[in-house]
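Biologist: I would like to learn how to read the contacts between parts of a model, going from domains to chains and then to single side chains. Could you take me through them?

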Amino acid sequence: MSERQIELEVLRYRPEMDDKPFFQTYSVPCQEEWVVLDALNYVKDEMDRTLSYRWSCHMFVCGSCGMAINGEPKLACKAFLRDYQTKIRIEPLSNFPIERDLVIVQDDFIEKLESVKPYIIPKQEKPIDQGEYLQTPAQLKAYKQYSMCINCLLCYSACPQYALEEKFIGPAALALAHRYNMDSRDVGRSAREHVVASHDGIWACSFVGACSQVCPKDVDPAGAIQQVKFTSAVDYLTSFLPGGKR
Amino acid sequence: MSRKPYHREVSKTTWFLKQSRYQHYMLHEISSVFVAIYVGVLIVGLFRLAQGPEAWSGWLAAVTSPIGVIFHILVFIFSIIHTTSWFKAVPQAMRIQRGEEIVPGNLIIGAHYGVWAVVSVVVLLVAGVA
């Protein structure tokens, strides 16, 4: 195992001391197979205990360690040091307020996620003793890709529309709404529509597509949003037909 | 201790300079302006045709002038950018499921290129060029 010295330029912000963020450089002896999160953990354990950042699983499942690495939204646990030069700039995810160091304020996303009712709304609740809701493999396939979202917020950080229009519901929440709309066990599409198909929902997306490019789980939120635009437009047009709901 | 989150401002006018993927998006969006202008030029051509031979030859002279040719080359380049960037995005918006499989994106993109080629040949045949 070879060792390499890496310069980590980390954006620091300590609200009790600082008026604005500043870069602090740490020279870290890194192993070849390390990811950026390992380097940050080394700093935390061996060099500077005051550095704050979120992480948990170290295997791109929990979605906690999202940060901007050389300006690109990444999971720190999935960003291998071998893919970088000797100097790496690490900042908190853009488009979110900084709580402290690399920790962002997620409140806005959580509220928006709740607003799309990201859970199965069944036609009729049935008691547990009647067994599970059955689903064919094809029915599972229809939504599975969108269910892989880990709420890591890389997509929000990449989305220029969210940066410019803070009311925009945003990629992950809209993709998750689509995930439940596509689920054969769910009948909640109309309950979500007033948020999803609103001005601040799918129609605020201009299809830059950056969300899908940075998604570490290949969820393709941009694709989900365009598909919802299509069904929503069909809903609107059919509402003019006799018997249509307006 | 009370919280004091730090808000970073995003420029409303220069945001797209930040990343190359935003610049590609802007290029794609701007290409639509050239396509729209060309549609306008063609519609004007139709009107001139309806007005008689003299008006038509005037329009023809304008579009075949050096400036007209440069304009056409520009429109051609931006039309290619517009078309290819949209074709690339189609599988995201057009997700087709057959049983338990999703139709591969390359197949959908390829079909679009195929239809584009067929339509182009038909147009050239009708125009008497090919």
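Modeller: Let us begin inside chain A, bearing in mind that this is a predicted model. Across the interface of domain 1 of chain A and domain 2 of chain A, the rule finds 0 salt bridges, although it does find 6 residue pairs in polar contact there, both partners being at pLDDT 80 or more. The elements of chain A that give two or more residues to the domain 1 side of this contact are β3 (66–69) and β4 (72–75), and the largest share of that side, 4 residues, comes from β4(A). By residue type, the side of domain 1 of chain A that touches domain 2 of chain A divides into 9 nonpolar, 4 polar and 3 charged.

Biologist: Where do the bounds of the two domains of chain A lie, and how many residues does each contribute to the contact?

Modeller: The domain assignment of chain A places domain 1 at 3–104 and domain 2 at 107–238. Taken over C-alpha atoms, the centres of these two domains of chain A are separated by 30 Å, and the contact takes 16 residues from domain 1 of chain A and 14 residues from domain 2 of chain A.

Biologist: What area is buried between domain 1 of chain A and domain 2 of chain A, and which residues of domain 1 lose the most?

Modeller: The buried area is about 1,100 Å², and carbon and sulfur atoms give 61% of it. On the side of domain 1 of chain A, the residues that lose the most area to domain 2 of chain A are A:Pro73, A:Asn95 and A:Phe96, which together account for 45% of what that side buries.

Biologist: How should I read the interface between the chains, and how many residues of chain A and of chain B take part in it?

Modeller: It helps to take the residue counts and the area together. The contact takes 45 residues from chain A and 25 residues from chain B, and the area buried between chain A and chain B is about 2,800 Å², of which 52% is given by carbon and sulfur atoms. In chain A, the residues losing the most area to chain B are A:Lys141, A:Leu164 and A:Phe207, together 20% of what that side buries.

Biologist: How many salt bridges and polar contacts does the rule find between chain A and chain B, and which elements of chain A supply the touching residues?

Modeller: There are 4 salt bridges across the interface of chain A and chain B, including one in which the side chains of A:Asp19 and B:Lys4 meet at 3.9 Å, N to O. The count of residue pairs in polar contact between chain A and chain B is 20, both partners being at pLDDT 80 or more. At least two residues each of the side of chain A that touches chain B are supplied by β6 (98–100), α3 (137–144), α4 (154–158), α5 (160–164), α8 (210–214) and α9 (221–238) of chain A, and the residues of that side divide into 24 nonpolar, 11 polar and 10 charged.

Biologist: Is helix α6 of chain A mostly covered or mostly open, and what covers its buried residues?

Modeller: Helix α6 (residues 171–181) of chain A is mostly covered, with 11 of its 11 residues buried; among them are A:Leu174, A:His178 and A:Arg179. What covers the buried residues of α6(A) includes α2 (107–115), α3, α4, α7 (189–196), α8 and α9 of chain A.

Biologist: Turning to salt bridges over all chains, how many are there, and where in chain A do A:Asp48 and A:Arg12 sit?

Modeller: The count comes to 15 salt bridges over all chains. In one of them the side chains of A:Asp48 and A:Arg12 meet at 3.0 Å, N to O; this pair links distant parts of the chain, with A:Asp48 in the loop between α1 (36–47) and β3 of chain A and A:Arg12 in strand β1 (residues 3–12) of chain A, 36 residues apart. A:Asp48 is buried, with a relative accessible area of 11%, and A:Arg12 is buried, with a relative accessible area of 1%.

Biologist: Are A:Arg100 and A:Glu16 buried or partly exposed?

Modeller: The side chains of A:Arg100 and A:Glu16 meet in a salt bridge of 2.9 Å, N to O, which links strand β6 of chain A with the loop between β1 and β2 (22–31) of chain A, the two residues being 84 residues apart. A:Arg100 counts as partly exposed at 23% relative accessibility, and A:Glu16 is partly exposed with a relative accessible area of 44%.

Terms used:
Residues are numbered from 1 along each chain as its sequence is written. Chains are lettered from A and ligands numbered from 1 in the order in which they are written. This is a predicted model: local features need pLDDT of at least 70, side-chain atom pairs count only at pLDDT 80 or more; totals for chains, interfaces and linings use all residues. Side-chain values use heavy atoms; hydrogens and water are left out. Contact means heavy atoms within 4.5 Å. Buried area is the accessible area (1.4 Å probe) that two parts lose on being put together, summed over both. A polar contact is a pair of N or O atoms within 3.5 Å; within protein, one must be able to donate a hydrogen and the other to accept it, and residues adjacent in sequence count only if both atoms are side-chain atoms. Ala, Val, Leu, Ile, Met, Phe, Trp, Tyr, Cys and Pro count as nonpolar, Asp, Glu, Lys and Arg as charged, and the others, Gly among them, as polar. Buried means under 20% relative accessible area, exposed over 50%, partly exposed in between (1.4 Å probe, protein chains only). Domain bounds come from an automatic or database domain assignment.
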